[in-house]
Amino acid sequence: MSPYRGRFAPSPTGKLHFGSIVAAVASYADARHANGTWLLRIEDVDQTRARPDAERDILGDLETLGMRWDEPPWHQSNREPRYSAVLTQLAEQARAAAHGRNSSWNSCMPRISNTVPISSLAILGRPMRSAS
């Protein structure tokens, strides 16, 4: 069995609210109870709403509550190149699987570029909606 890894993933769009604090405390307590690690992953992919001051405030609030993460915080936006590469691979596999079976679906399958931000990717021709 692999060691327990808990995590808390706030969006840096403002102050932590009560529900987020409850989720952080529960995740932290689970990780510590299991002698595992606790990670902090900053969900900063929505760059239009992310605020550097909010991230600083969130980190400070968690520290004030006595929580300490075991690795440097991860920033989800740093993983965008990896996500784009995987989406490209999946699209190519879907295109290959559809080849010869359903040429109309195959021809409308979008091309996914590693240079396109995750938030603006179109899957099956429909743009992704933001969570805002």
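The paragraphs below go through two helices, their buried faces, the core they contribute to, and one loop residue of this predicted model.

Residues are numbered from 1 along each chain as its sequence is written. Because the model is predicted, local features need pLDDT of at least 70 and side-chain atom pairs count only at pLDDT 80 or more, whereas totals for chains, interfaces and linings use all residues; side-chain values rest on heavy atoms, with hydrogens and water left out.

Helices (H or I, at least four residues) and strands (E, at least two) are DSSP runs, numbered from the N terminus. The expected span of a helix is 1.5 Å times one less than its number of residues, and for the 16 residues of α1 this gives 22 Å, in agreement with end C-alpha atoms that are 22 Å apart. In α1 the residues Ser-20, Ala-24, Ser-27, Tyr-28 and Ala-31 are buried, where buried means under 20% relative accessible area, exposed over 50%, and partly exposed in between (1.4 Å probe, protein chains only). These buried residues cover an arc of only 100° around the axis, which puts them on the same side of α1; the arc is that of the directions from the helix axis to the C-beta atoms. Phe-18 and His-33, on the other side of α1, are exposed. The cover over the buried residues of α1 includes β1, β2 and α2, contact being heavy atoms within 4.5 Å.

Helix α2 (residues 52-64) can be read in a similar way. Its 13 residues should span 18 Å, and the end C-alpha atoms lie 19 Å apart, which agrees. Ala-54, Glu-55, Ile-58, Leu-59 and Leu-62 are the buried residues of α2. Seen down the axis of α2, they fall within an arc of 135°, so they line one face of the helix, while Pro-52, Arg-56 and Thr-64 are exposed on the other side. Among the elements covering the buried residues of α2 are β1 (5-8), α1 (18-33), β2 (37-42) and β3 (74-75). Just after α2, Gly-66 takes a positive phi of about 85°.

The largest nonpolar core, a set of buried Ala, Val, Leu, Ile, Met, Phe, Trp, Tyr and Cys residues joined through side-chain atoms within 4.5 Å, has 13 residues, of which Phe-8, Ala-24, Trp-38, Leu-40, Leu-62, Met-67 and Trp-69 touch the most other members. The elements α1, β2 and α2 each give two or more residues to this core. In soluble globular proteins, nonpolar side chains tend to be buried together.

Finally, Asn-35 sits in the loop between α1 and β2, where it has a positive phi of about 55° although it is not a glycine. Asn-35 is exposed, with a relative accessible area of 73%.
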